[in-house]
Amino acid sequence: MAVNGGVKTGHSADKDKPPRAIREPWRIEMKEALETKEGRAMHKLRKQTVEPAFGIVKSVLGFRNFRLRGLEKVKSEWSLVALAYNVKRMAKLRAETA
């Protein structure tokens, strides 16, 4: 792997490889959606709506790993995390309007 000023730049053999073929229907659909102007605009909204919430859950609430195993238990655990996030958000919004 080549190093440039302490930053890995990738292996030279990787540059000769063709891009990976997209075969899954959901990936093809997403690729086509992102090729349109409207699709790119909608995808860009994620940065404003979804990503900050996950950042707060990870950094402020400290939730980085699920502690339980199994889909039903993980769903329950995520519901509690979402509830905690929403209560924190509601308290902040209420304090701002008071």
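A salt bridge here means a side-chain nitrogen of Lys or Arg within 4 Å of a carboxyl oxygen of Asp or Glu. That cut-off matters for one residue in this predicted model, Glu77, which sits in helix H5. Glu77 is buried and yet has no salt bridge. The nearest side chain of opposite charge belongs to Arg67, and it lies 4.5 Å away. With the limit set at 4 Å, the two therefore do not count as a salt bridge. What does Glu77 touch, once its neighbours within four places in sequence are left aside? The contacts are with Phe63, Asn65, Phe66, Arg67 and Leu68.

Now for the overall layout. The protein chain has five helices and two strands, and reading along the sequence gives the pattern β-β-α-α-α-α-α. Of its 98 residues, 6% are buried. The accessible surface adds up to about 8,900 Å², and carbon and sulfur atoms account for 60% of that. As for contacts with a separation of 6 or more, 21% of them join residues 24 or more positions apart.

How confident is the prediction, and where is confidence lowest? On average the chain reaches a pLDDT of 86, and 86% of the residues score at least 70. Confidence is lowest in strand S1 (residues 2-4), with a mean of 55. At the other end of the scale comes H5, where confidence is highest, at 94. Helix H5 is also where Glu77 is found.

Two of the residues that Glu77 touches, Phe63 and Phe66, turn up again among the aromatic rings. A search of the whole structure finds four aromatic pairs. One of them is formed by Phe63 and Trp78, whose ring centres are 6.0 Å apart and whose planes meet at 55°, making the pair tilted. This pair ties together distant parts of the chain: Phe63 is in the loop between helix H4 (51-59) and helix H5 (71-97), while Trp78 is in helix H5 itself, 15 residues away. The two partners differ in how much they show on the outside. Phe63 is buried, at a relative accessible area of 12%, whereas Trp78 is partly exposed, at 32%. Both rings belong to one aromatic cluster, made up of Phe54, Phe63, Phe66 and Trp78.

Glu77 goes without a salt bridge, but the structure does hold four of them. In general, side chains of opposite charge can pair when their charged atoms come close. Among the four is the link between Glu51 and Arg46, with the closest N and O atoms 2.5 Å apart. Glu51 is partly exposed, with a relative accessible area of 35%, and Arg46 is partly exposed too, at 39%. Another joins Glu24 to Arg27, where the closest N and O atoms are 3.4 Å apart. Here again the side chains are partly exposed, Glu24 at 30% and Arg27 at 32%.

A further salt bridge lies within helix H5. There Glu72 pairs with Lys75, and the closest N and O atoms are 3.8 Å apart. The two are three residues apart in the helix, so about one helical turn separates them. Glu72 counts as exposed, at 56% relative accessibility, while Lys75 is partly exposed, at 46%. Helix H5 thus holds the Glu72 and Lys75 pair as well as the buried Glu77.

Technical notes:
Residues are numbered from 1 along each chain as its sequence is written. This is a predicted model: local features need pLDDT of at least 70, side-chain atom pairs count only at pLDDT 80 or more; totals for chains, interfaces and linings use all residues. Side-chain values use heavy atoms; hydrogens and water are left out. Rings of Phe, Tyr and Trp (its six-membered ring) pair if their centres lie within 6.5 Å; planes under 30 degrees apart count as stacked, over 60 as edge-to-face and the rest as tilted. Helices (H or I, at least four residues) and strands (E, at least two) are DSSP runs, numbered from the N terminus. Buried means under 20% relative accessible area, exposed over 50%, partly exposed in between (1.4 Å probe, protein chains only). Lys and Arg count as positive and Asp and Glu as negative; His and the chain ends are not counted. Contact means heavy atoms within 4.5 Å. pLDDT is the predictor's confidence in each residue, from 0 to 100. Accessible areas come from the Shrake-Rupley method with a 1.4 Å probe; for residues, only the protein chains shown count as cover.
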